[in-house]
Every structure is written in structure tokens, then in C-alpha cells.
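Here is a friendly walk through one protein model, written for someone who would rather be at the bench. Keep the structure open beside the text and look up each residue as it comes along.

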Amino acid sequence: MPTSSRTLGDLFEAFEREAFRLETLDDYSKSGSVDAYQAFLAGETQPDDYNAGWIEELRSHTEKGKRVYRVHILSRPLTDYLRFELGWGYHKNVSGGEEFFILDITDKPNPLENVPDFWFFDSESVAVMNYDGSGKYLGSEVLPPEQTAEFTRYRDAALAHAEPFTEWWAKYGT
């Protein structure tokens, strides 16, 4: 598949209106925040500075009126990793202005079966996120512009079937 010379980092620096993320995995524990995840599993309290770098980046965008939002496709019961990600990560990232939605497929078919994780910027640029079978991040691939329409449909379907995280968490959070 041909790619451009742009990177995921370039897309984050250049987006002007919105950055959308679709998450499809139940476990990203090999992709970062490994120490924090282990602390969570050990029952430790979340450090005040948890995710501080990402919060700062979020604020740098959202204070300029840019939207950063994501949908996570999941089913219950939650994996330990999802309890960590949602309980520690999502709650903290909201303070930086990020918006979260949950597409819970516990009792219904997945409307986005086999769709990869991706970031989608300004409805113009897509970076597919690649992971191995254990949730380890392997890198991203910026796709050519002609594939944008396909990812617009994925984003719109995800949002149409999802509910705001805070509402979902009030019903199912632990």
C-alpha cells in the first residue's frame, strides 16, 4: 500500500479542526504506560501527574478550538487493561479536553468488524495504527488521500452506534 512521507506526528502537528481516534483492542498494555498499568494492577493510587504530557498536548489543541475525540469498541466484562484505560486514562484525559465515546458490543454485533485502529485528522488524513497480537504498538501507516471516504464512513458509523463515555461509565464502570 503506498504511503506518503507524512508521519502520525506530522498529522498531529498540522491538524486544524479535529482529530478522531478509533480504538478496537481490549489490551494495549505493551504499548506504553506499562509502569502505570502495573501500579493500577497493584491497587496503587493514580499519580497526580499521570498522563501529564498527553494532557498538555490535548490542551494545546483544545484551547485553540480543535476537537480531539475517540470511540472505543469494547464488550463487557472489561479486561484489566480496559478498566485501567477507562478508569485512569479517560477520566484524566477529559481534563485536557478530549472527548470519549463507547461502542459497547456486549449484546450486539460489531458494526465495524475488522476495521483497524486509526487516527483521522480533519476528515482528510488517516493514520492506521498497527499492533501485534499482544497489543504492542508496531507503528502507524499514513494512507493515501483516496482512502479518506472509507474512514469517514467508519468514523460516522462508530459515532452513530456509540454513547458518551460518562453515560456508559455511570452504568457499567467499576
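The report below goes through charged pairs, a pocket and a few residues with notable backbone or contacts. Please keep in mind that this is a predicted model.

## Charged pairs

Let's start with the salt bridges. Side chains of opposite charge can pair when their charged atoms come close. Across the whole structure, a search turns up 10 salt bridges. The table lists three of these pairs, with the N to O distance for each.

| Pair | Closest N and O atoms |
|---|---|
| Glu98 and Arg70 | 2.6 Å |
| Arg83 and Asp80 | 2.9 Å |
| Glu163 and Lys171 | 3.0 Å |

Take the pair of Glu98 and Arg70, whose side chains meet at 2.6 Å, N to O. Glu98 sits in the loop between helix H4 (80–93) and strand E3 (99–104), while Arg70 belongs to strand E2 (residues 67–74), so this salt bridge ties together parts that are 28 residues apart in sequence. How exposed are the two partners? Glu98 has a relative accessibility of 3%, under the 20% limit, and therefore counts as buried. Arg70, at 8% relative accessibility, counts as buried too.

The pair of Arg83 and Asp80 is built another way. Both residues are in helix H4, 3 residues apart, which puts about one helical turn between them. Arg83 counts as partly exposed at 26% relative accessibility, and Asp80 is partly exposed with a relative accessible area of 38%.

In the pair of Glu163 and Lys171, the lysine is exposed: Lys171 has a relative accessible area of 52%.

## A network around Glu18

Salt bridges can also be followed from residue to residue. Glu18, Arg155 and Asp156 are linked in a network of them. Glu18 is found in strand E1. Is Glu18 buried or exposed? With a relative accessible area of 17%, Glu18 is buried. Its side chain is joined to that of Arg155 by a polar contact of 3.1 Å.

Leaving out residues up to four places away in sequence, Glu18 touches Arg67, Tyr69, Phe120, Phe121, Asp122, Ser123 and Arg155. One of these neighbours, Asp122, comes up again below for its backbone.

## The largest pocket

Now for the open space in the model. The largest pocket has a volume of about 600 Å³. It is lined by 22 residues, and the closest to its centre are Arg21, Glu23, Ser31, Arg70 and Tyr81. Arg70 will be familiar as the salt-bridge partner of Glu98.

Which elements supply at least two residues each to this lining? They are helix H1 (8–14), strand E1 (18–23), H4 and strand E5 (125–131). H4 gives the most, with 6 residues. Sorted by class, the lining has 12 nonpolar, 6 polar and 4 charged residues.

## Backbone details

A few spots deserve a look with the backbone displayed. Which kind of peptide bond runs from Arg76 to Pro77? This bond is cis, with omega near 0 degrees. Pro77 is in the loop between E2 and H4.

Asn114 is not a glycine, yet has a positive phi of about 70 degrees. Asn114 is placed in the loop between E3 and strand E4 (118–121), and at 73% relative accessibility it counts as exposed.

Asp122, also not a glycine, has a positive phi of about 55 degrees. Asp122 lies in the loop between E4 and E5. In contrast to the exposed Asn114, Asp122 counts as buried, at 7% relative accessibility.

## Pro164 and its contacts

The last stop is Pro164, in strand E7 (residues 163–164). With a relative accessible area of 28%, Pro164 is partly exposed. What does Pro164 touch, not counting residues up to four places away in sequence? The contacts are Phe100 and Phe101. As for a position elsewhere in the chain, Pro164 and Gly53 are 111 residues apart in sequence and 24 Å apart in space, C-alpha to C-alpha.

Terms used: Residues numbered from 1 in each chain as written. Predicted model: local features only at pLDDT ≥ 70, side-chain atom pairs only at ≥ 80, totals over all residues. Heavy atoms only, no water. Salt bridge = Lys/Arg side-chain N within 4 Å of Asp/Glu carboxyl O. Helix = DSSP H or I, 4+ residues; strand = E, 2+ residues; numbered from the N terminus. Buried < 20%, exposed > 50% of the residue type's maximum accessible area, 1.4 Å probe, protein only. 1 Å grid on protein atoms, 1.4 Å probe; cavity = no way out; pocket = protein on both sides within 12 Å on 5 of 7 lines; lining within 4 Å. Points joined across faces, edges and corners; volume = space filled by probe spheres on them. Nonpolar A, V, L, I, M, F, W, Y, C, P; charged D, E, K, R; others polar. Contact = heavy atoms within 4.5 Å. Polar contact = N/O pair within 3.5 Å; in protein donor to acceptor, adjacent residues only side chain to side chain.
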